[in-house]
Amino acid sequence: MMRFTATIIAICLSVLVSPWLLLPVACLHALAWFAWELILIGLCVDVYFGAASGLPYYTLAAIVLVSAAEWIKPQLLFYARD
Amino acid sequence: MRKYSLTTKANSRRTSRTRRLRLVVVIGLVFVLLAVVLPRAVSLVASLVITPVVMTEDWLLHSRDTVPMYLRDRNELIAAQRELERELAARDGSEYAINQLLVENEELRSLLGTASTSRIGAGVIGRPTELPYDTILIDRGSRDGVVENAPVFAGAEQAIGFIGRVYPHTAVVVLATTPGISSTVYIYGPNIYTVAEGMGGGIIRVHVPQGIALEPGNLVVMPTFVSGVYGEIVSVESVPTRPEQYGYAALSTPVAHLRFVSVGTEALEPLDFASAREVVEAVREDMLSVPVPAGVLIDSTGTSTATTTASSTENI
């Protein structure tokens, strides 16, 4: 339920606010879960609005963000469970 | 034993991390591939996800319904509630609403009534600063007859862009000012064709060699939009030591303040140079003509209702 709510919030923020405000929320989301849905949201934004854009910036940013989060998770203390 | 155990755990963690990273990349590639292979299906999903958010935002920010009005102007409504004890306040409120509707009506009439070609009126529900990309979102879609690549006008003759994507109830307008968009323009004054590039935020930039008399107020026309006056040069950046100068053109109404637009019913088609010259000439004639009432106009032909205030037009 938490994840669903966070996803809805991410969808709303992706349309309503500046990408720089969305970034910290997306970071938290990616650290909390394996956030493949962020990539889907990025793709939706690119497909919907990016008619004139050469590159799918939101999708690429989401892939980089989720990859970075997955890479950094084991380094963080609260993920290093024995 | 302990060392072996730690090493195994570390290896396992690394393997797990690599697997997850690969999974992220695979998921990303699958999504992008889907968008390429099945654009309509992905577009439909995107429309289902994004449209409700945009519609809700517009409803909250611009609707005159009771709830959003209440949320927007809560403090004003609280103040008005105190004054409702007086009859005058209620009447003022009605007058305000009527005036608002009259202004809106006039805007819609000017968009549709004076247009020479068939147009579809549309409300703007998303503007560049509110949307992820430098585009406009309108509340008319394929169900209202909007087609891809149709020109979009901010007034009767002022072209601002074209339809980039069409959804059942909405459409995304790609602006001539969207970064990365280049367009051929004609500038009155120096009377030159040049290339304009979108800068975002309703601004296009033209760069021409030094020595060309580019001045603020020069009218900019986009022949590809057929009736398309874009706007006028608002600023010129000219440094004598540089080989070129820049001119910035903007719409008379800032894009962020657009409330209504009209959409052509037919898609834009590639224009050859001869057609572009015809468009430029037609705009020039419009600029030089003034509508004069039939009784006032003295003309030997006796059929025209407009007079030309200049005797000749310059060859281009």
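Which residues of β5(B) are buried on one side, and which on the other? B:Ala171, B:Val173 and B:Leu175 lie on one side, B:Val172 and B:Val174 on the other, and all are buried. Both faces of β5(B) are therefore covered, since five of its five residues are buried. The strand is largely enclosed by the rest of the structure. In a regular strand the side chains alternate between the two faces of the sheet. The model is a predicted one.

**The barrel around β5(B)**

β5 belongs to a closed barrel in chain B. Six strands make up this barrel, in the order β1-β2-β5-β4-β3-β12, and their pairing is antiparallel. From one strand to the next, the twist averages 45°. Strands of a sheet pair through backbone hydrogen bonds, either parallel or antiparallel.

In the barrel order, β5 stands between β2 and β4. On one flank, β2(B), residues 135-138, pairs with β5(B) over four bridges. Here B:Leu137 stands opposite B:Val172. On the other flank, β4(B) pairs with β5(B) over five bridges. B:Ile163 has B:Val173 as its bridge partner there. A hairpin of four residues joins β4(B) to β5(B).

Further round the barrel, β3(B) meets β12(B). β3 covers residues 151-153 and β12 covers residues 260-264. Two bridges join them, and B:Phe153 is the bridge partner of B:Ser262.

**A second barrel in chain B**

Chain B also holds a barrel in the order β6-β7-β8-β11-β10-β9. Six strands close it, again with antiparallel pairing. Neighbouring strands are turned by 45° against each other on average, direction ignored. Within it, β10(B), residues 229-237, pairs with β11(B), residues 244-250, over five bridges. B:Ser235 stands opposite B:Tyr248 in that pair.

The table lists strand pairs from both barrels.

| Strand pair (chain B) | Bridges | Partner residues |
|---|---|---|
| β2 and β5 | four bridges | B:Leu137 and B:Val172 |
| β4 and β5 | five bridges | B:Ile163 and B:Val173 |
| β3 and β12 | two bridges | B:Phe153 and B:Ser262 |
| β10 and β11 | five bridges | B:Ser235 and B:Tyr248 |

A loop links β9 (219-221) and β10 of chain B, and B:Thr224 is found in it. Is B:Thr224 buried or exposed? B:Thr224 is buried, because 20 other C-beta atoms lie within 10 Å and a count of 20 or more qualifies. B:Thr224 and B:Leu268 are 44 residues apart in sequence. In space they are 7.6 Å apart, C-alpha to C-alpha.

**Where the chains touch**

How many residues does each chain give to the contact? Chain B gives 32 residues and chain A gives 30 residues. On the side of chain B, the elements giving two or more residues are α1 (2-37), α2 (39-62), β4 (159-166) and β5 (171-175). The largest share, 11 residues, comes from α1(B). By type, this side of chain B divides into 20 nonpolar, seven polar and five charged residues.

**A helix pair in chain A**

Two packed helices are described by the angle between their axes and the distance between the axes. In chain A, α2 (residues 19-32) and α4 (residues 57-72) come within 9 Å, axis to axis. The axes cross at roughly 45°. That makes α2(A) oblique to α4(A). The crossing is right-handed.

From α2(A), the residues in contact are A:Ala26, A:Cys27, A:Ala30 and A:Leu31. They meet A:Leu65, A:Val66 and A:Ala69 of α4(A). The contact counts seven nonpolar residues, no polar and no charged.

Key. Residues are numbered from 1 along each chain as its sequence is written. Chains are lettered from A and ligands numbered from 1 in the order in which they are written. This is a predicted model: local features need pLDDT of at least 70, side-chain atom pairs count only at pLDDT 80 or more; totals for chains, interfaces and linings use all residues. Two strands pair if DSSP finds at least two bridges between them. Axes are lines fitted to C-alpha atoms, for helices over the stretch in contact, and angles run from 0 to 180 degrees between N-to-C directions. Two residues are in contact if their C-beta atoms, placed from the backbone, lie within 7 Å. Ala, Val, Leu, Ile, Met, Phe, Trp, Tyr, Cys and Pro count as nonpolar, Asp, Glu, Lys and Arg as charged, and the others, Gly among them, as polar. Angles under 35 degrees count as roughly parallel, over 145 as roughly antiparallel, 65 to 115 as roughly perpendicular and the rest as oblique. A crossing is left-handed if the near helix is turned anticlockwise from the far one by less than a right angle, and right-handed if clockwise. A residue is buried if 20 or more other C-beta atoms lie within 10 Å of its own, exposed if 12 or fewer, and partly exposed in between; C-beta atoms are placed from the backbone.
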